[in-house]
Amino acid sequence: MGCGGVARFWREIPQRYNLIGNICGSCNKTFFPPKEACPYCRRKSMGKMQDIKFSGKGEIITYTIIHSASENFQKQVPYIMAIIKLNEGPKITAQIVDCDIENIKIGMKVDSTFRKIQEDGYTGAIYYGYKFRPCNVLVTNNEKEKCETK
Amino acid sequence: MRDVAVIGVGLTKFGELWDKSFRHLITEAGSKAIFDSGIGGLEIDAMYVGSMSSGRFIGQEHIGALVADASGFSHLNIPSTRVEGACASGGLAVREGYLSIASGLNDIVVVGGIEKMNDVGGNAATETLATALDQEWEAFFGATLSGVYAMIANRHMYEYGTTRENLAQVAIKNHANGALNPFAQYQREIKMEHVLNAATVAYPLGLFDCSPVTDGAAALVLCSLEKAKKFTEKPVKIIASGQASDSLALHERRDICTLDSTVIAAKKAYKQANITHKDIDLAEVHDCFTIAEICAIEDLGFVKKGEGGKAVEENITTLNGSLPVNTSGGLKSKGHPVGATGVAQIVEIVKQLRGEADKRQVKDAEIGLAHNVGGSGATCIVHILEAI
């Protein structure tokens with residue numbers, strides 16, 4: 001992360017660990033990360049923004065395979081980054097894991113998973129958060145079904 | 001609003017300039033622009049300088065004052081302001097200078113743009129460029145600037161059938177133009193096989209799809225049009241300046257393949273200039289990655305959405321095409337010292353409109369457009385200039 005220290009990460013834990021976003025009580029649009037106010041309803045949404053936890057299920061709308069990375073991600077190359085459209089609406093940028101580079105494709109159904117993201121040097125904090133994985137690597141049929149139904 | 005003209009331009013060589021410091025570069029570009037304009041120096045009312053990240057690249061902030069100081073203007077106490085909008089910092093500095101004259105506050109303004117990027121290593125440069133993205137919700141998870149543009153490219157290929165070769169053709173064209181530009185970082189032509197066989201940076205983009213890490217500076221002298229004739233025979237009028245913003249993160253955009261900031265900035269600029277895209281004779285567009293040029297020619301209205309790849313294939317945008325794009329070599333071949341880029345684009349347009357572009361000269365060029373983007377499209381600025 002470079003600058004900001006642990007507090008900068010700590011205050012985003014609800015979003016990064018549990019995919020907490022919010023919904024506008026006026027127009028029902030959903031947001032991730034949560035917004036202070038709905039950009040469409042503006043002052044009508046004040047006091048009406050409610051936290052919600054997203055299911056973590058969604059679909060890949062585009063992806064890339066990163067070979068040239070920032071310092072903290074050097075050890076992970078090549079890795080897949082994607083934009084995922086969550087079933088509830090918002091789009092999100094995250095890594096795709098448990099998926100061979102050859103198999104990744106646009107339209108793939110994915111589910112969120114809790115992983116280590118990066119660490120602040122050898123002695124610094126380890127940062128965790130969401131990554132996504134293809135639905136078909138899930139272990140039980142029950143999990144697969146849940147992932148594939150919207 | 002008063003009319004504003006460019007009366008002087010200056011550029012340093014772009015490249016890995018190990019022997020030149022930040023101060024040296026901006027002073028060289030600034031002096032060239034001042035000599036070119038015919039002003040003495042004492043007439044300067046204000047200075048604006050675009051720089052994306054001097055703090056991370058050379059550990060120095062407060063560069064508005066530094067630039068005035070290094071240029072020998074500290075004892076004249078000329079107000080000097082740094083402007084920042086990631087890779088669009090230079091274009092924004094031009095706009096601030098333009099507005100300050102148009103408003104009637106200033107008569108003569110020097111605008112500079114600079115980045116000294118090679119004093120840090122490649123990884124640090126990648127990390128610094130990623131600060132143009134959303135740090136908390138893109139870069140934190142491992143996204144890089146090239147990675148984000150690669151995701152635009154991949155979606156563009158998926159939706160519109162744009163090919164890997166189309167992307168490569170942008171680089172080949174821009175290198176062919178850069179080969180004719182003595183200020184360019186890379187002055188050699190490349191072939192399809194070079195682009196396709198290069199190492200992957202972020203799939204589908206390879207090394208030759210990416211603009212390089214560059215040191216360089218550019219400068220302009222702007223003047224109210226009424227006074228411009230006192231100094232030069234060939235003032236070039238700024239007939240429009242349009243700016244727009246969008247979400248910092250690519251994933252929040254309405255459409256992954258459209259830079260709405262470009263669409264809106266261009267609309268505002270065409271309206272102000274009272275022209276359409278058909279009146280543009282040449283354009284310098286923000287080709288930080290090959291896909292960015294394809295999106296730019298679509299979003300500026302030159303071709304329909306999705307047909308940018310085809311337009312490149314049909315050679316519409318080559319030096320002899322119906323709409324020459326990036327005659328300077330673009331960011332790809334001329335180099336991309338991020339803060340300098342937006343100013344350097346205007347330098348190229350002015351040279352073209354004055355008929356001083358030598359081997360790159362577009363015949364009968366009268367109206368030129370410069371398009372400068374910050375990050376993955378969170379900031380966009382479009383200037384239109386006309387020879388008078």
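**Exercise 1. State how β4(B) and β7(B) are joined, and place β4(B) in its sheet.**

Solution. Step 1: β4(B) and β7(B) run antiparallel and are joined by nine bridges. Strands are DSSP runs of E with at least two residues, helices are runs of H or I with at least four, and both are numbered from the N terminus. Two strands count as paired if DSSP finds at least two bridges between them. The model is predicted: local features need pLDDT of at least 70, side-chain atom pairs count only at pLDDT 80 or more, and totals for chains, interfaces and linings use all residues. Residues are numbered from 1 along each chain as its sequence is written, and chains are lettered from A and ligands numbered from 1 in the order in which they are written.

Step 2: within this pair, V110(B) has V221(B) of β7(B) as its bridge partner.

Step 3: β4(B) also pairs with β2(B), in the parallel sense and over five bridges. Here G50(B) stands opposite G113(B) of β4(B).

Step 4: β2(B), residues 46–50, pairs in turn with β3(B), again in the parallel sense, over four bridges. V49(B) has R82(B) in β3(B) as its bridge partner.

Step 5: the whole sheet is open, has nine strands with mixed pairing, and follows the order β3-β2-β4-β7-β1-β8-β11-β10-β9 in chain B. Its edge strands, each pairing on one side only, are β3 (80–83) and β9 (282–284) of chain B. On average, neighbouring strands are turned by 25 degrees against each other, direction ignored.

**Exercise 2. Decide why β4(B) counts as largely enclosed, and list the residues on each face.**

Solution. Step 1: a residue is buried if 20 or more other C-beta atoms lie within 10 Å of its own, exposed if 12 or fewer, and partly exposed in between, with C-beta atoms placed from the backbone.

Step 2: nine of the nine residues of β4(B) are buried, so this strand is largely enclosed by the rest of the structure.

Step 3: in a regular strand the side chains alternate between the two faces of the sheet.

Step 4: one side of β4(B) carries I108(B), V110(B), G112(B), I114(B) and K116(B), and the other carries V109(B), V111(B), G113(B) and E115(B); all are buried, and both faces are covered.

**Exercise 3. Find which helix gives the most to the largest nonpolar core, and describe how that helix lies on the strands.**

Solution. Step 1: a nonpolar core is a set of buried Ala, Val, Leu, Ile, Met, Phe, Trp, Tyr and Cys residues joined through C-beta atoms within 7 Å. The largest one has 166 residues, and V6(B), L220(B) and V343(B) have the most contacts inside it.

Step 2: α14(B) gives the most to this core, nine residues.

Step 3: α14(B), residues 338–354, lies across strands of chain B including β1 (4–11), β4 (108–116) and β7 (215–224), and runs at about 125 degrees to β4(B). Axes are lines fitted to C-alpha atoms, for helices over the stretch in contact, and angles run from 0 to 180 degrees between N-to-C directions.

Step 4: two residues are in contact if their C-beta atoms, placed from the backbone, lie within 7 Å. Leaving aside neighbours within four places in sequence, L220(B) has contacts that include V6(B), V111(B), V343(B), I346(B) and V347(B).

**Exercise 4. Describe the side of chain B that touches chain A, and the place of T144(B).**

Solution. Step 1: 28 residues of chain B are in contact with 28 residues of chain A. On the chain B side, α5, α6 and β5 (200–203) each supply at least two residues, and α6(B) has the largest share, seven residues.

Step 2: by class, this side has 14 nonpolar, nine polar and five charged residues. Ala, Val, Leu, Ile, Met, Phe, Trp, Tyr, Cys and Pro count as nonpolar, Asp, Glu, Lys and Arg as charged, and the others, Gly among them, as polar.

Step 3: β4 of chain A (57–66) and β5(B) run antiparallel and are joined by two bridges. I65(A) has Y203(B) as its bridge partner.

Step 4: T144(B) lies in the loop between α5 (122–129) and α6 (145–160) of chain B. It counts as buried because it has 25 C-beta neighbours inside 10 Å. Not counting residues up to four places away in sequence, T144(B) touches I66(A), S68(A), A69(A) and S70(A), among others.
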